[in-house]
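Q: Got a minute to go through a ligand site with me? I'll pull it up.

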Amino acid sequence: MSIRILVLHGPNLNMLGLREPDIYGTTTLADVNDRIAALAQELGVEVDTFQSNHEGQLVDKIQAARGQYAALIINAGAYTHTSVALLDAILSAELPTIEVHLSNLYKREPFRHHSYIASAAVGQICGFGADSYLLGLRAAVALAQS
Ligand code: DQA
């Protein structure tokens, strides 16, 4: 059975390409997902992607992922900095989790320096634009194979 990995995109990431291009670039979410799918094919793994602007929908997806996926890659957007609910969902899902961000959080406003989900993640990748997801996918596959 092939390795299955879930990629979650949080709030406002559907606006990629239009949203603050000086920070997030002009790549759209569809482009990001296409690049993820191409790398997944190259690595021989299955990837599902899902975006929501709603915290509860992300919690539902993480809960449903328990036992179904080998790893979780999540860019929780602004919920990164606010959501104990996402932290608890990740803890209860018991999936190796990789936190990713397009921008380098530590070069930005101080409120972005704290991540509620970082303590539940194996690691965090930020600052590489869409490549953060691809690096995250390589890390997820390595974890799943270890
Ligand atoms: C982000 C960083 C967050 O601080 C911000 O709220 C986002 C995007 C990133 O990918 O760089 O929505 O997660």
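Q: Which residues are around the ligand?
A: This is a predicted model, and in it the residues around the ligand are Arg-19, Tyr-24, Asn-75, Gly-77, Ala-78, His-81, His-101, Leu-102, Ser-103, Leu-105, Arg-108 and Arg-112.

Q: How does that shell split by class?
A: Four of the residues are nonpolar, five are polar and three are charged.

Q: OK, polar contacts. What is 2.7 Å from a ligand oxygen atom?
A: That's a polar side-chain atom of His-81.

Q: And how far is the side chain of Asn-75 from a ligand oxygen?
A: An N or O atom in the Asn-75 side chain is 2.8 Å from an oxygen atom of the ligand.

Q: What about Leu-102, backbone or side chain?
A: Backbone: a polar backbone atom of Leu-102 is 2.8 Å from a ligand oxygen.

Q: How much of the ligand's accessible area does the protein cover?
A: On its own the ligand has 320 Å², and the protein covers 99% of that.

Q: Switching to pockets. Where does the ligand sit?
A: In the largest pocket, which has a volume of about 160 Å³.

Q: Which lining residues are closest to the centre of that pocket?
A: Out of 16 lining residues, Arg-19, Tyr-24, Gly-77, Ala-78 and Arg-112 are the closest.

Q: And the lining by class?
A: Six nonpolar, six polar and four charged residues.

Conventions:
Residues numbered from 1 in each chain as written. Predicted model: local features only at pLDDT ≥ 70, side-chain atom pairs only at ≥ 80, totals over all residues. Heavy atoms only, no water. Near = heavy atom within 4 Å. Polar contact = N/O pair within 3.5 Å; in protein donor to acceptor, adjacent residues only side chain to side chain. Areas by Shrake-Rupley, 256 points an atom, 1.4 Å probe, with all protein chains shown as cover. 1 Å grid on protein atoms, 1.4 Å probe; cavity = no way out; pocket = protein on both sides within 12 Å on 5 of 7 lines; lining within 4 Å. Sits in = over half its atoms within 2 Å of the grid points. Nonpolar A, V, L, I, M, F, W, Y, C, P; charged D, E, K, R; others polar. Points joined across faces, edges and corners; volume = space filled by probe spheres on them.
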